[in-house]
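Me: I have a model open and want to go through the pocket and the sheet. Can you walk me through them?

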Amino acid sequence: MKLSNIHLLAPSHYLTYLHTQIRNKQAEHSCFEYYSDQLLRQLLVQVAALLPYEKNEVITPIGETYAGLKLARGICGVSVIRAGESFEGEYRRMFSGQPIGKILIQRNPQSKLPKYFYSHFPDDIAERAVLLFEPMLATGGSLIMAIETLLEQGVPLENIYVVNVLASPVGVERLFARFPDIQLVTSSIEQGLSDQAFMKPGIGDFGDRYFGTRHG
């Protein structure tokens, strides 16, 4: 794998603080959502720095020229339903007016194998930079299927940026074995997987915790 294609958030006390809040099994739903949003914003800022830009001069209020930048192409956030939808609020605040696509892939709880159900994208997705939202990269099967779905739509691999919260070593290895040139932005590479394919030390079911639907 290309280590240069793995973009980890820079270590800091604040990043550790955010992880402490959301990894705590006692965290209430409102607490989990609040601190997750702060972490998701950091991940989106990180991926925004990787996007292609071009020159864009503007005139300031005092009549001076500022040599600025604008995105070289449109972007599209794509959520792997349901956990990936957690990114959408911060995405809309950062990239107002940019579309969001959806992919539904579910993993069989017994076989752990992914199954494709549904996707919907803007007509011009092949011309856009795609931010693929998948918070949990455990075994990698669902993410690989999501990437294959985008490739079938004509999206070049170099235009796909995976935005992720936690990744397992085996998931990262499997992802890059299949797509050596993919870009991965994450906040943590975990220690490994449990027998139930949950990451360790992990966070539990991110989608259930973020949307307040966990049981027990």
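Reply: First a term: a pocket here is an open set of grid points with protein on both sides within 12 Å along at least five of seven lines. Keep in mind that this is a predicted model.

Me: Fine. What volume does the largest pocket have?

Reply: About 800 Å³.

Me: How many residues line it, and which lie nearest its centre?

Reply: The lining has 29 residues. Nearest the centre of the largest pocket are A83, R107, M136, S142 and D205.

Me: How does the lining divide into nonpolar, polar and charged?

Reply: There are 15 nonpolar residues, eight polar and six charged.

Me: Which elements each supply at least two residues of that lining?

Reply: Three strands and two helices do: β4 (75–81), β5 (100–107) and β8 (136–137), plus α4 (141–152) and α6 (206–211).

Me: Switching to the sheet. What is the strand order?

Reply: β1-β11-β9-β7-β4-β5-β6, in an open sheet of seven strands with mixed pairing. The edges are β1 (6–8) and β6 (114–120), each of which pairs on one side only. On average, neighbouring strands are turned by 20 degrees against each other, direction ignored.

Me: What does "mixed" refer to?

Reply: Strands of a sheet pair through backbone hydrogen bonds, either parallel or antiparallel. Here β4 and β5 run parallel, joined by five bridges, while β5 and β6 run antiparallel, joined by six bridges.

Me: Give me some residue pairs to check. Which residue stands opposite V78?

Reply: G101 in β5. For the next pairing along, the bridge partner of I105 is Y116 in β6.

Me: And what is between β5 and β6? How many residues?

Reply: That is a hairpin with six residues between the strands. One residue to look at in the hairpin is K112, which takes a positive phi near 65 degrees.

Me: Now the other edge. Is β1 parallel or antiparallel to β11?

Reply: Parallel, over three bridges, with β11 covering residues 183–186. I6 stands opposite L184 in β11.

Me: Which strands does helix α2 lie across?

Reply: Helix α2 (residues 29–48) lies across β1, β7 (129–133), β9 (160–163) and β11. Its direction is at about 150 degrees to β11.

Me: Last thing: what does the UniProt record say about domains?

Reply: The unreviewed UniProt entry annotates residues 13–213 as "domain: Phosphoribosyltransferase". In the model, that span is 33% helix and 29% strand, and its end C-alpha atoms lie 30 Å apart.

Terms used
Residues numbered from 1 in each chain as written. Predicted model: local features only at pLDDT ≥ 70, side-chain atom pairs only at ≥ 80, totals over all residues. Heavy atoms only, no water. UniProt positions renumbered as here; feature names shortened; annotations may be inferred. Helix = DSSP H or I, 4+ residues; strand = E, 2+ residues; numbered from the N terminus. Pairing = 2+ DSSP bridges. Axes fitted to C-alpha atoms, helices over the stretch in contact; angles between N-to-C directions. Contact = heavy atoms within 4.5 Å. 1 Å grid on protein atoms, 1.4 Å probe; cavity = no way out; pocket = protein on both sides within 12 Å on 5 of 7 lines; lining within 4 Å. Points joined across faces, edges and corners; volume = space filled by probe spheres on them. Nonpolar A, V, L, I, M, F, W, Y, C, P; charged D, E, K, R; others polar.
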